[in-house]
Amino acid sequence: MAEISATSFPSSSSSVLAFRTSHNGSLKCQNVAVPRTTSQFQELSVKRSQLVGNALVTGHVAGSRSCKNQAIRAVLSGDGTALPADSKEAGLRGKLKKVVLAYSGGLDTSVIVPWLKENYGCEVVCFTADVGQGIKELEGLEQKAKASGASQLVVKDLTEEFVKDYIFPCLRAGAIYERKYLLGTSMARPVIAKAMVDVAAEVGADAVAHGCTGKGNDQVRFELTFFSLNPQLRVVAPWREWEIQGREDAIEYAKKHNVPVPVTKKSIYSRDRNLWHLSHEGDLLEDPANEPKKDMYMMSVDPEDAPDQPEYIEIGIESGIPVALNGKALSPATLLAELNTIGGKHGIGRIDMVENRLVGMKSRGVYETPGGTILFAAVQELESLTLDRESIQVKDSLALKYAEMVYAGRWFDPLRESMDAFMEKITETTTGSVTLKLYKGSVSVTGRKSPNSLYRQDISSFEKSEIYNQADAAGFINIFGLPMRVRAMLEKGI
């Protein structure tokens, strides 16, 4: 059957119906926006004349319907845009049955709800994941979602899953992106996207949507997860489709569609918060030369204002995974929350960096990761006891690739999963405890112990040892240094 697609034009266009008889004799039609200017109309005609047997105009599909053998009509809006004859069947851009939207309750996602209904003629189910962003961000969400036109709001507590299945594997792997970034936002996106896929199956949705911009990393992280877990789901990204350019446009659209505009004061910074970290971007931070303002930070005090007395804590670890604080076993999320409080009090975990985004541009961000910074110091220090030199070297080299894949949204990639299996195996013996000293923004290791320690005091001691004979070192050095000796002999003509 011949297919017809229509190109979207600016508002200065009219609309016609294009017809094509299929091989089985049925008549198919579609609204085609036709420019009012002569030059654009001639260009369209040339494109059509170049096709043999098909009425096809390449470009964005504005919407399609099958014509029955009855009268056919198109409804035009005031600005000349072609609308479907029956809005219950399709929206301005096509037809979807039900869409699960990643919802925060802010202006953007509040506007996306009516936009999805208008453009895809669909029911919208809002989804909010609790990944430890704070109770204030979850208050009143159901009322906001329904006021925006959503049929329901689904909220899931993912905090324990987030820490246990996403944060701790990255911690065990030693994954740090570009020397500093502890992957706070990167790790949160796949757990949220996975939950959206699950909700889509539960409510019978045929599509998912997010409010990520076309300039950021998060659009990739969400969509790669959708592709990996359910490739049949349609993905809608309004910021890559709509004509809204900024906050004022969004407010105007909200008013036009009777959507209550969130009255919360807009921060001058773009922030993302979860149980692992808090990120800050935008405003004065866009100039890498500017020092962050003191009042910007929310999870940690200024190290200058931290207590004048240090605090000592002990982290218990089993097979590379933190399990206890000061001898008390805690759940993953509870342990991290406790360390955020302790670390924040001492000004721990502030990072200011310029990073390379996946989409090609550089961005400057400031991160607060108090608990995470403490845990990284503890786990890596314990490995100094339990892993040999070559194991540490291989693990560290893979950790760079591991971090890169997580940053790029490839959490469910078989390669990351395979590397994770290696990390789990190599850290089987990384069990023990590490004592840390927290003081005015710094984390210092003061002690470490493990039943699987490869450190032997009787061998390492300067005192006489029955296992290590110092005289043996001469032969080792002669053999180890032979290549360097031969090269020097060649250069000197010996």
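At roughly what angle do the axes of helix H4 and helix H10 cross? Roughly 145°. The legends below walk through that spot and a few others in this predicted model.

**View 1. Helix H4 meets helix H10.** Here we zoom in on H4, residues 159–173, and H10, residues 389–407. Two packed helices are described by the angle between their axes and the distance between the axes. For this pair, the axes come within 9 Å, to go with that crossing of roughly 145°. On the H4 side, look for Pro 169, Cys 170, Arg 172 and Ala 173; they meet Lys 395, Ala 399, Tyr 402 and Val 406 of H10. Sort the residues of this contact by character and you get 6 nonpolar, 2 charged and no polar.

**View 2. A look at two cysteines.** Cys 170, one of the H4 residues that meet H10, is buried, with a relative accessible area of 2%. Cys 126 is buried too, and its relative accessible area is 0%. Both count as buried because each value falls under 20%. As for disulfides, the count comes to 0.

**View 3. Helix H11 and its two faces.** H11 runs through residues 414–426, and its 13 residues should span 18 Å at 1.5 Å a residue; the end C-alpha atoms are indeed 18 Å apart. Tucked away in this helix are the buried residues Arg 416, Met 419, Asp 420 and Met 423. They cover an arc of only 105° around the axis, so they sit on the same side of H11. An α-helix has 3.6 residues a turn, so residues three or four places apart point the same way. What do the buried residues of H11 pack against? They pack against H4 and H10, the pair from the opening view. Turn to the face away from the buried side and you'll find Pro 414 and Lys 425, both exposed.

**View 4. Helix H5, mostly tucked inside.** H5 covers residues 184–203, which makes 20 residues. From first C-alpha to last, H5 reaches 29 Å, close to the 28 Å expected. Is H5 largely enclosed or largely open? Largely enclosed by the rest of the structure, because 16 of its 20 residues are buried. Just after H5 comes Gly 204, with a positive phi near 75°.

**View 5. Two serines brought together.** Ser 384 belongs to helix H9, residues 370–386. Ser 384 is partly exposed, at a relative accessible area of 43%. Along the sequence, Ser 384 and Ser 453 are 69 residues apart, yet their C-alpha atoms are 8.7 Å apart in space.

Terms used
Residues are numbered from 1 along each chain as its sequence is written. This is a predicted model: local features need pLDDT of at least 70, side-chain atom pairs count only at pLDDT 80 or more; totals for chains, interfaces and linings use all residues. Side-chain values use heavy atoms; hydrogens and water are left out. Axes are lines fitted to C-alpha atoms, for helices over the stretch in contact, and angles run from 0 to 180 degrees between N-to-C directions. Helices (H or I, at least four residues) and strands (E, at least two) are DSSP runs, numbered from the N terminus. Contact means heavy atoms within 4.5 Å. Ala, Val, Leu, Ile, Met, Phe, Trp, Tyr, Cys and Pro count as nonpolar, Asp, Glu, Lys and Arg as charged, and the others, Gly among them, as polar. A disulfide is a pair of cysteine sulfur atoms within 2.5 Å. Buried means under 20% relative accessible area, exposed over 50%, partly exposed in between (1.4 Å probe, protein chains only). The expected span of a helix is 1.5 Å times one less than its number of residues. The arc is that of the directions from the helix axis to the C-beta atoms.
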